[in-house]
Amino acid sequence: MTRLLIIGPPGAGKGTQAARISERLGVSAISTGDIFRHNVKELTPLGLEAKKYIDAGNFVPDSVTNNMVRDRLANDDVAEGFLLDGYPRTTAQVEELDRILAESGQKLDAVLQLTADDEELVQRLLRRAEIEGRADDNEDVIRHRLDLYKKETADVVARYSDRGIVTQVDGLGDIDEVTERIMDALSDLR
Ligand code: ADP
């Protein structure tokens, strides 16, 4: 049980929980959002390409995102396991991830779906905007990201549900509590 995906709407706390869970499990967390933001900050060609999509709350094109993930998953540190955060978020990306993993005889073991209601999510993201100043954390873009999540990412969860590997975790409550819920959910899967 070492190849994991954490999925949930923007603001559900995926990044925070991914950092904690990956540390407990001793695997690397791979956040596509973090990789993109790092590249935007460093003004790399990838960052310059991705920025316009990110700022509008749209998905970066698969041609860019898939290659970035393929490269990252070729690193030695993830040979024994990883926790993906933010990828895949379309069914085309699910298929690409299947291909990438199959090439080295791997597959995803489990999907943790963090849930939270919309208004709570919007409030959390607006609070985060004040603290972190992320360009995509303003109300219109937040609502657009939520809509996209429902439109595109629900299908991702459905794909993995068909494989019987999805476990839902309530993302409401304090951070430690949610971490314990996730750890419990993971041990139930073993
Ligand atoms: P959130 O889940 O809060 O929207 P992320 O940090 O996961 O934030 O992603 C921020 C942005 O990065 C997304 O709105 C999108 O533009 C881009 N992005 C991240 N992951 C992907 C992906 N798998 N496919 C396409 N774009 C992505």
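A polar contact is a pair of N or O atoms within 3.5 Å, a handy idea for the first view of this predicted model.

**View 1. Polar contacts reach the ligand from Arg-145, Asn-58 and Gln-93**. A polar side-chain atom of Arg-145 sits 2.9 Å from an oxygen atom of the ligand. Asn-58 takes part through its backbone, where an N or O atom lies 2.5 Å from a ligand oxygen. On the side chain of Gln-93, an N or O atom is 2.9 Å from a nitrogen atom of the ligand. The protein buries 97% of the 550 Å² that the ligand exposes when taken alone.

**View 2. Here is the shell around the ligand, with 18 residues**. Thr-32, Arg-37, Asn-58, Gly-86 and Arg-89 come nearest. Helix α2, residues 32-41, gives the most to this shell, with 4 residues. By type, the shell divides into 6 nonpolar, 6 polar and 6 charged residues.

**View 3. Asp-98 and Arg-163 meet in a salt bridge**. Their side chains come to 2.7 Å, N to O. Asp-98 belongs to helix α5 and Arg-163 to the loop between α7 and β5, so the pair ties together parts that are 65 residues apart in sequence. Asp-98 is partly exposed, at 29% relative accessibility, and Arg-163 is partly exposed at 42%.

**View 4. Within helix α8, Arg-181 and Glu-177 stand about one turn apart**. Their salt bridge brings the closest N and O atoms to 2.9 Å.

**View 5. Arg-145 appears again, this time in a network of salt bridges**. Its partners in the network are Arg-128, Arg-134, Asp-136 and Asp-137. The structure holds 20 salt bridges.

Terms used
Residues are numbered from 1 along each chain as its sequence is written. This is a predicted model: local features need pLDDT of at least 70, side-chain atom pairs count only at pLDDT 80 or more; totals for chains, interfaces and linings use all residues. Side-chain values use heavy atoms; hydrogens and water are left out. A residue is near a molecule or strand if one of its heavy atoms lies within 4 Å of it. A polar contact is a pair of N or O atoms within 3.5 Å; within protein, one must be able to donate a hydrogen and the other to accept it, and residues adjacent in sequence count only if both atoms are side-chain atoms. Accessible areas come from the Shrake-Rupley method with a 1.4 Å probe; for residues, only the protein chains shown count as cover. Helices (H or I, at least four residues) and strands (E, at least two) are DSSP runs, numbered from the N terminus. Ala, Val, Leu, Ile, Met, Phe, Trp, Tyr, Cys and Pro count as nonpolar, Asp, Glu, Lys and Arg as charged, and the others, Gly among them, as polar. A salt bridge is a side-chain nitrogen of Lys or Arg within 4 Å of a carboxyl oxygen of Asp or Glu. Buried means under 20% relative accessible area, exposed over 50%, partly exposed in between (1.4 Å probe, protein chains only).
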